[in-house]
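Dear colleague,

Please find below the sequence and the structure that I am handing over to you. My notes on what was found follow directly after.

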Amino acid sequence: MKMWQLIVVSIFCLSLSSCFEKVVEPEDVFGAIRRGETYSPASEMIDSWYAVEAIDAQTFAINEPKSSQYNTSYLIVGNERAVMFDAGSSERPAGSKSMRQVADLYTDKPITLILSHFHYDHIYDASRFEGGVTLIDRPEIRAGVKNGLYTISALESVDAEAPPLNVAGFIADGDVIVLGNRTLDVLNLPGHTTESIVLIDRARNQTFTGDFVYKHLGGIIAFAPASDFSQYKTNSNRLLHSTNADTQFYGAHGIPRFGRDWVSLLSSELEKIVSGKPEYRYVAHYLIPGMPVRLQQNEDMYIYTTPLVDPPLFWSKWALLVVAAFGTLALYLLYCAARLFFVAVRR
Ligand SMILES: [Zn+2]
């Protein structure tokens, strides 16, 4: 390669790298908790993989502190039935207990499996629940059920296609699940994904939010084609209206328990994004190698998005980079043409 070509390439690469900040280090992802540590003294390792916190005598946070995303699933027990909310991260070592086996340690009631959403890190042991999975009632999901089976596609899981799941039934937005002495209100809150489910136990003032909102793990992510900011904003308000100042929220990643202030902050930051007044930073990849992200940050609240989400389809900075690439190419062609011209003139 000639010296001038090296200089052009170097300048281009430098301008590219200056578009990113490296804020996505492990400490940004985990905050005060370290991977492998439990988040509170009330959470105890029950074996080498799972840590369980009894939130109360019938509510269990089943955490995977060694998983790369610090996942938490919830077992919500009534005196007649129980709900398992999520089925594990897919990172448990071979030979370790399945989420189903862990649930059996805490209840002998029949278990209804509900997935907070279909991303790969929440569904791993779903096929171990022989009673099947109860799905959110949405037309596209009903249409996907074939012979009583639903297969979570690679696009839905953001990973490989999952094994087919027995469909036990459907729950719709607004339904109330009765577990005997305990009930759960069902909300379908699109935003992170269209099928995202939030469960509310009004009597105990507990709200299980899945990935719709969680605390830490670096922040909230809306990164897949099924993420939608305007719905996210609308539904964060709906979640605020469906809960109150004393509600305890339980998310599926990072520090499981958080308060209403965190949901309010999510809502106000989403408002900035939706109203076109965000203060974006451009950062090196988060979770997906090579996938650049745009970050809206306010103190501990980080909201990451990729070019797959959020109109305009092309972020202004990416549009500039495309222009830079074509500009560099155009300059090179101009140089070649000029060289040919001067060689011809000299002759
Ligand atoms: Zn997710």
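**Findings**

Asp 185 counts as buried, because its relative accessibility is 16% and the limit for that class is under 20%. Please bear in mind throughout that this is a predicted model.

*Salt bridges*

The side chain of Asp 185 meets that of Arg 202 in a salt bridge, with 2.5 Å from N to O. This pair connects distant parts of the chain: Asp 185 belongs to strand S11 (residues 183-188), and Arg 202 to the loop between strand S12 (197-201) and strand S13 (206-210), 17 residues apart. Unlike the buried Asp 185, Arg 202 is partly exposed, at a relative accessible area of 44%.

A second salt bridge joins the side chains of Asp 173 and Arg 238, at 3.1 Å from N to O. Here too distant parts of the chain are linked, since Asp 173 sits in the loop between strand S9 (165-171) and strand S10 (176-178), Arg 238 sits in helix H6 (residues 229-242), and their positions lie 65 residues apart in the numbering. Both partners are partly exposed: Asp 173 has a relative accessible area of 36%, and Arg 238 has a relative accessibility of 28%.

Arg 204 and Asp 201 form a further salt bridge, in which the closest N and O atoms are 3.5 Å apart. Asp 201 is buried, with 2% relative accessibility, whereas Arg 204 is partly exposed, with a relative accessible area of 30%. These two residues also take part in a network of salt bridges that links Asp 56, Arg 182, Asp 201 and Arg 204. Over the whole structure, the search finds 15 salt bridges.

*The zinc site*

Which residues donate to the zinc ion? The protein donors are His 117 through NE2, His 119 through ND1, His 192 through NE2 and Asp 211 through OD, and they lie 2.1 to 2.3 Å from the ion. In sequence, the spacing of the donor residues reads H-x1-H-x72-H-x18-D. His 119 is in the loop between strand S6 (111-114) and strand S7 (133-136), and Asp 211 is in the loop between S13 and strand S14 (220-222), so this pair ties together parts that are 92 residues apart in sequence. His 119 and Asp 211 are both buried.

The angles among the four donor atoms run from 86 to 175°, and the site is classed as irregular. A tetrahedral assignment would need all angles to lie between 85 and 135 degrees, so the upper value of 175° excludes it.

*Backbone conformation*

Two residues other than glycine deserve a look for their phi values. Tyr 70 has a positive phi near 50°; Tyr 70 is placed in the loop between strand S3 (59-64) and strand S4 (71-77), and is buried, at 0% relative accessibility. Asn 205 has a positive phi of about 55° and is found in the loop between S12 and S13. For a glycine, Gly 276 takes a positive phi of about 80° just after helix H7.

*Helix H7*

Helix H7 (residues 260-274) has 15 residues, which at 1.5 Å a residue should span 21 Å; the end C-alpha atoms are 21 Å apart, in agreement with that value. The buried residues of H7 are Trp 262, Val 263, Leu 265, Leu 266, Ser 267, Glu 269, Leu 270 and Ile 273. As general background, an α-helix has 3.6 residues a turn, so residues three or four places apart point the same way.

*Helix H8 and the nonpolar patch*

Val 322, Phe 326, Leu 329, Tyr 332, Leu 333 and Tyr 335 make a nonpolar surface patch of about 570 Å². Of these, Tyr 335 is located in helix H8 (residues 316-346), and Tyr 332 is in H8 as well. Tyr 335 is partly exposed, with a relative accessible area of 34%, and Tyr 332 is likewise partly exposed, at 34%. Tyr 332 also has a partner from far along the chain: the C-alpha atoms of Tyr 332 and Gln 5 are separated by 8.8 Å, although the two residues are 327 residues apart in sequence.

With kind regards

Technical notes:
Residues are numbered from 1 along each chain as its sequence is written. This is a predicted model: local features need pLDDT of at least 70, side-chain atom pairs count only at pLDDT 80 or more; totals for chains, interfaces and linings use all residues. Side-chain values use heavy atoms; hydrogens and water are left out. Patches are made of residues with over 30% relative accessible area and no salt bridge: like charges are joined within 9 Å, nonpolar side chains (Val, Leu, Ile, Met, Phe, Trp, Tyr) within 5 Å. Accessible areas come from the Shrake-Rupley method with a 1.4 Å probe; for residues, only the protein chains shown count as cover. A salt bridge is a side-chain nitrogen of Lys or Arg within 4 Å of a carboxyl oxygen of Asp or Glu. Helices (H or I, at least four residues) and strands (E, at least two) are DSSP runs, numbered from the N terminus. Buried means under 20% relative accessible area, exposed over 50%, partly exposed in between (1.4 Å probe, protein chains only). Donors are N, O and S atoms within 2.8 Å of the metal (3.2 Å for Na, K and Ca); water is not among the atoms, so sites may look incomplete. Four donors count as tetrahedral if all angles lie between 85 and 135 degrees; four count as square planar and six as octahedral if opposite donors are over 155 degrees apart and all others between 65 and 115; anything else is irregular. The expected span of a helix is 1.5 Å times one less than its number of residues.
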